[in-house]
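Q: Please take a close look at one part of this model and describe how it is put together and what it touches. After that, place it beside the other parts, in one connected account.

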Amino acid sequence: MASLVPCPHCGPRPKEEFTIKGAALPRPAPTADPAEWFDYVYLRDNPRGSYAEYWHHTAGCRRWLVVSRDTITHQVAACRDAAAQGHAA
Amino acid sequence: MPDLRPFPALAARKPLASSRIRLSALPEGTILQMIAGPQTPGPVDGLERLAAKTGLALRAISPGQWLLVGDRPTPYPQACRLLAALEPHASGIDQSHGRVRLHLEGPMAATVLSKGTAVDLHPSAFAPGHTAATLVGHVSVHLTRLDAEAFEITVLRGFAEALWDDLALMCAEFL
Amino acid sequence: MSSHRLPQGGLIDRSKPLAFTFDGKPMQGFQGDSLASALLANGRRLVGRSFKYHRPRGILTAGAAEPNALVTIGSGGRTEPNTRATMQELYAGLAARSQNRWPSLHFDIGALNGLLSPFLGAGFYYKTFMWPAAFWEKVYEPFIRKAAGLGRATHQADPDRYEKRWAHCDLLVIGAGPTGLAAALSAARAGARVIVADEQAMAGGALLSETATIAGRTAPAFARDCAAELEALPNVTLLTRTTVFGWYDGNVFGAVERVQKHLAEPAPSVPVERLWRIVAKGAILASGAEERPLVFGGNDIPGVMMAGAMRSYLNRHAVAPGRATAIFTTNDSGYALARDLEAKGLDITAIIDPRESGGADYAGKARLIRNAVVTDAHGGRSLSAIDIRTGGRTERLAVDALALSGGFSPVIHLACHRGGRPVWSGEKAAFLSPASLDGLAPAGAASGIAGLAACLADGAHKGASLAAALGFAASPIPFGPVEGDAPAAPAKVLWSIPGVRGKAFVDFQNDVHHRDLDLAVKEGYGHVELAKRYTTSGMATDQGKLSNINAIGLLAEARGVSPGEVGTTTFRPFYTPVSFGALAGAYHGEHFQPVRRSPLHGWAERHGAVFVETGLWYRSAWFPRTGEKDWRESVDREVLNVRNNAGLCDVSMLGKIEICGPDAAELLNRAYCNAFLKLPVGKARYGLMLREDGMVYDDGTTSRIEENRFFMTTTTAYAAGVMNHMEFCAQALWPELDVRLASVTDQWAQMAIAGPKSRKILQAIVDEDLGNDAFPYLAAREVSLFGGRLHGRLFRISFSGELAYELAVPAAYGDRVAEALTEAGQADGLVPYGVEALSVLRIEKGHVTHNEINGTVTPGDLGFGKMVSASKPDFIGKAMLQREGLNAPDRPRLVGVVPLDPGQSFRSGAHILAKGAAPTLENDQGYVTSSAFSPHIGSTIGLALVRHGDERHGEDVTVWNGLRGEFTAARLCAPVFFDPANEKLHA
């Protein structure tokens, strides 16, 4: 029914305005070990509890956000612009 | 010479009006999207002056992004100058044809919009001049409160008719 | 049947009689009646048959929890099965029909199920029908399906309108009974934005059935005054006929407003139901408490009713329960009913109270039997007698109405919707809300408080303090003294009643009785979640609103633990059923999803296009001409015409992205696997975008319009995704790059002009010289049109392999420009072509689309291996593309395929087998990704992904269509069927 995401630019908005990409992980250096790349592309933690994900405010400001969300309660603990701290997460 | 009059996206939609609500298309004039670079501190220097000079209204749409809108088309050479006016701080992109503006007015205007958007349109939260990029139903729009009972709704051209038809349905009980 | 309506009193409007029918029989009620009260007033007790045993059932409650009185109302597309008669307002012409009976409600053959009841006990599904297996499908299931059940849904479309709305408030008050009204007023008077929602047609809740007075006003008058004040405040929205059905994260509440469900003919422009999503800073749960039934034999016989419900029908609707009424109560609320019945001159045969000293304050005339229980009720279709057991003796009393009160359960469903577990209170003998709730405060009876005065005070206090916490200067409103208040002290707990002989129902709607639960415990299904599923207790449409507490109590007793230890099953939305209409809102039919319209739609329509739905777009598929027998004929003509003359095709729906800024080239260089840094201004380049796993994501052309301004095109299908992806690259991956991205898909009407005569035709409207030297292959420039009257962008790119251009003009001019070109090209044979012809042309040329770019292919698989930059330090997909498996020699690679016999054909999706190989998975060599009839070749042609495909040109294979059992002899070839030397492109 709902799930309001507190977009730092637009205020609380319902999840239908967003596109979810998945875990917010730092992209390895191009020269990084293949195992590191494999982890980045394929391996996910699927935690019960706090999880940081990339959400795109597609139908709003069109900014990519890093949303820290509790996977049990959907409570959003933090939401920042993905560009705000330089490289991802 | 061939007929080169522009063909408005909502040419086939006639205004809907009652004492409580009025839905109409705004003239397809000028819409310029101005985008600042990530290192440019907003607001971009000169943006407000440019708006004042051209008589275009300024709408914030996203961090570092604005629309300059007006009811009259801007001739090509002048538009080219405007698009480049804020370089290198901001780039201009002509969206005069890419976006269509609708006008929703009347005491029930906010109620009608609340059938589509989750933005709180109470005057204490969304005063005249406020803007929001949001969904109205299934369509992305850019919403501006023009005054207490009037809104400008800017939509991608291809969705203009679909949005109109959805809004018409939302207005129906007040017509 | 004689009237049970009292000569005076109640909140009904006797000047407005309403005629209605039940099972075709005409009856009459009044404005203000519910269907249930009107049926009772007409002396109608039997209103339905039960789910499993087809037992006669009547009206048990006066509210949302009603398990028995389910009827079907309306007709045609407005048919609503399982409507609770207790919640349906009466209107003139209402036609209600009973359910789950055949041939009639009075004589129901299904009642024979009652005789089978030894076989239909708990778990009967699992036990009875174990074998023979074939019997299950052919005999048992159809039998059960026919015999069991509730109402039947209609297959006709619902003619009515539905909609959704968002709302925002400081305080949402759920329930407009005494607690809710006090809370709302206390917050609203201080200026808070308040929404009050109540499921009834008018605010008041329990006040509407109450005989106590508040500061001298009757309770209904007090409710009316409070509602009037709330309605008059601009900061308050009072929603009646509105059920708040769910509490969601973000403190959003779902509610459904029945706007016109109480009208015979809804106004067509107004929705019949409105789904609200209410964002509340704070909320008060003032949903009251539910009275508990008592579990004795025959407790489901029509005439047995909850005490509060009987009081409500008596006081609010002026309906007498019967001529001889008994009251079976474990708490003091039964005495309030007794007082009101006697005040109206109605006879009470007895009050049965299991407490030793219950009813100490009772001053009425009725016989009060303490230390007693009702063990059985008798009467079939209508109550006639009850058995009372006291001190080991059993006495039978003739009564025609029996009121029950087993205590009260706070209605805490919403408070548990976000995962919180209810807490058992031994003191209150009830489950209370989870201890810590953020954003929702239970108040009044919903928090276990009893009595009118206490509820008013609690509501006022909580409403004011929540408003104060939000910064409003609010204080609790004192409402004055309450006279005649009868707070029900906590009930004596009475889960099981000794000496019961008949079926003692726990879950009325699913026909679960006491012995079913005992059986569940005995057979090892005593856990509350298991017992629920084993017995189906609590699984009916009422979700156990009345029954769950008794089921838990009985399980606790049988297991010898406390109800708190048994716990509850999980509470989930919706609190009461919500129609699919309300959930879909306006989004069905032509409003199901938005249609995206190309600026050339009108042009295509005028030229007779047949449209095909492509995502949200309608694309012109082909343009039939008079005399053409089928689509193939039209498409073949369009293809040949492009090859021989020229064609015009709408490509406006390609995604278009403008990329500006000093680092625009760098971003492109990282997003594409091929090089873009050195693309000259005025040139277009084909670009291949990979995913981070090394697979191809999308392709398109990107042109450099100015030094720091690029124009990217994407495929239609991936336009939105590529824009999101480019923004991800710019914002999340490389925010240090100074780039500015804008979607310009809708700004430009874009048309492909393809064919040997395209230059000549275009030159008629383009001012600049289009000669091969001045505007060579891959030129991309802004151009002036019609002598400077218009400006557009012209790209010399080709999807068909012909000399071809794409012209983009500002969208509003698209229609006229396309028309002007069509006219200018007429002499040279230019005709419109659609996406079908476009597809044939590109297959002939061996160009790939998402048929080939299907998420499993690398650039190398498509023959683009050499395009991938070896020198770029980084690009999306670079690292993972190095993986061994992605460079294995036996990967499926792009190849052409043609049938050996031109008269034969094959389809996309068919598999490739080595010639003569058996059609097995092991022999599978790959599959056809695209196929079409090529008028140029004169046969079907295909593109395929085949193992070692690039090394097998000329090999004979078999194309195997396993779904159709077809085998086609074919030959692999180079994936270019037309102009392999690209002479036409550069002409």
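A: Two residues count as in contact when their C-beta atoms, placed from the backbone, lie within 7 Å of each other. The model is a predicted one, and the part examined here is chain B.

The assignment splits chain B into two domains: domain 1 takes residues 16-26 and 99-174, and domain 2 takes residues 30-94. Between the C-alpha centres of domain 1 of chain B and domain 2 of chain B the distance is 24 Å. Their contact involves eight residues of domain 1 of chain B and eight residues of domain 2 of chain B. On the side of domain 1 of chain B that touches domain 2 of chain B, two or more residues each come from strand 7 (99-105), strand 8 and strand 9 (139-147) of chain B. By type, the residues of that side of domain 1 of chain B are two nonpolar, four polar and two charged.

Next comes the sheet of chain B made by strands 3 to 6. Four strands form this open sheet, in the order 4-5-3-6, with antiparallel pairing. In general, the strands of a sheet pair through backbone hydrogen bonds, parallel or antiparallel. Strand 4 (57-62) and strand 6 (90-94) of chain B are the edges of the sheet, each pairing on one side only. Ignoring direction, neighbouring strands in this sheet are turned against each other by 25 degrees on average. Strand 4 of chain B is joined by five bridges to strand 5 (residues 65-70) of chain B, and the two run antiparallel. Within strand 5 of chain B, Gln65(B) is the residue that stands opposite Ser62(B).

Two helices of chain B go with these strands. Helix 1 (residues 47-54) of chain B lies across strand 3 (30-36), strand 4 and strand 5 of chain B. The direction of helix 1 of chain B is at about 140 degrees to strand 4 of chain B. Helix 2 (residues 76-84) of chain B also packs on the sheet, where it touches strand 3 and strand 6 of chain B. Helix 2 of chain B makes an angle of about 150 degrees with the direction of strand 6 of chain B. Strand 3 of chain B is thus touched by helix 2, and helix 1 lies across it.

Chain B also meets chain A. Nine residues of chain B are in contact with twelve residues of chain A. Strand 8 (residues 131-136) of chain B gives the most to the chain B side, with four residues. That side of chain B divides into six nonpolar and three polar residues, with no charged ones. Strand 8 of chain B is also among the elements that give two or more residues to the side of domain 1 of chain B that touches domain 2 of chain B.

The partner, chain A, has one helix and six strands. From its N terminus, the elements of chain A follow in the order β-β-β-α-β-β-β. Along the principal axes, the C-alpha atoms of chain A fill a box of roughly 40 × 25 × 20 Å. Of the 89 residues in chain A, 35% are buried. Counting contacts in chain A between residues at least 6 apart in sequence, 50% join residues at least 24 apart.

Chain C can be set beside this. Its assignment gives domains 1 to 6, including domain 4 (602-653 + 747-842) and domain 6 (888-987). The C-alpha centres of domain 4 of chain C and domain 6 of chain C are 30 Å apart. Twelve residues of domain 4 of chain C and eleven residues of domain 6 of chain C take part in the contact. On the domain 4 side, helix 15 (631-644) and helix 20 (835-845) of chain C each supply at least two residues. Helix 15 of chain C gives the most to that side, with five residues. The residues on the domain 4 side are five nonpolar, three polar and four charged.

Two stretches of chain C carry UniProt annotations. An unreviewed UniProt entry lists "domain: FAD/NAD(P)-binding" for residues 170-304 of chain C. That span is 19% helix and 36% strand, and its end C-alpha atoms lie 43 Å apart. UniProt, again in an unreviewed entry, gives "domain: SoxA A3" for residues 502-585 of chain C. Residues 502-585 of chain C are 46% helix and 6% strand, with end C-alpha atoms 47 Å apart.

Definitions and conventions. Residues numbered from 1 in each chain as written. Chains lettered and ligands numbered in written order. Predicted model: local features only at pLDDT ≥ 70, side-chain atom pairs only at ≥ 80, totals over all residues. Domains from an automatic or database assignment. Nonpolar A, V, L, I, M, F, W, Y, C, P; charged D, E, K, R; others polar. Pairing = 2+ DSSP bridges. Axes fitted to C-alpha atoms, helices over the stretch in contact; angles between N-to-C directions. UniProt positions renumbered as here; feature names shortened; annotations may be inferred. Buried ≥ 20, exposed ≤ 12 C-beta atoms within 10 Å, placed from the backbone.
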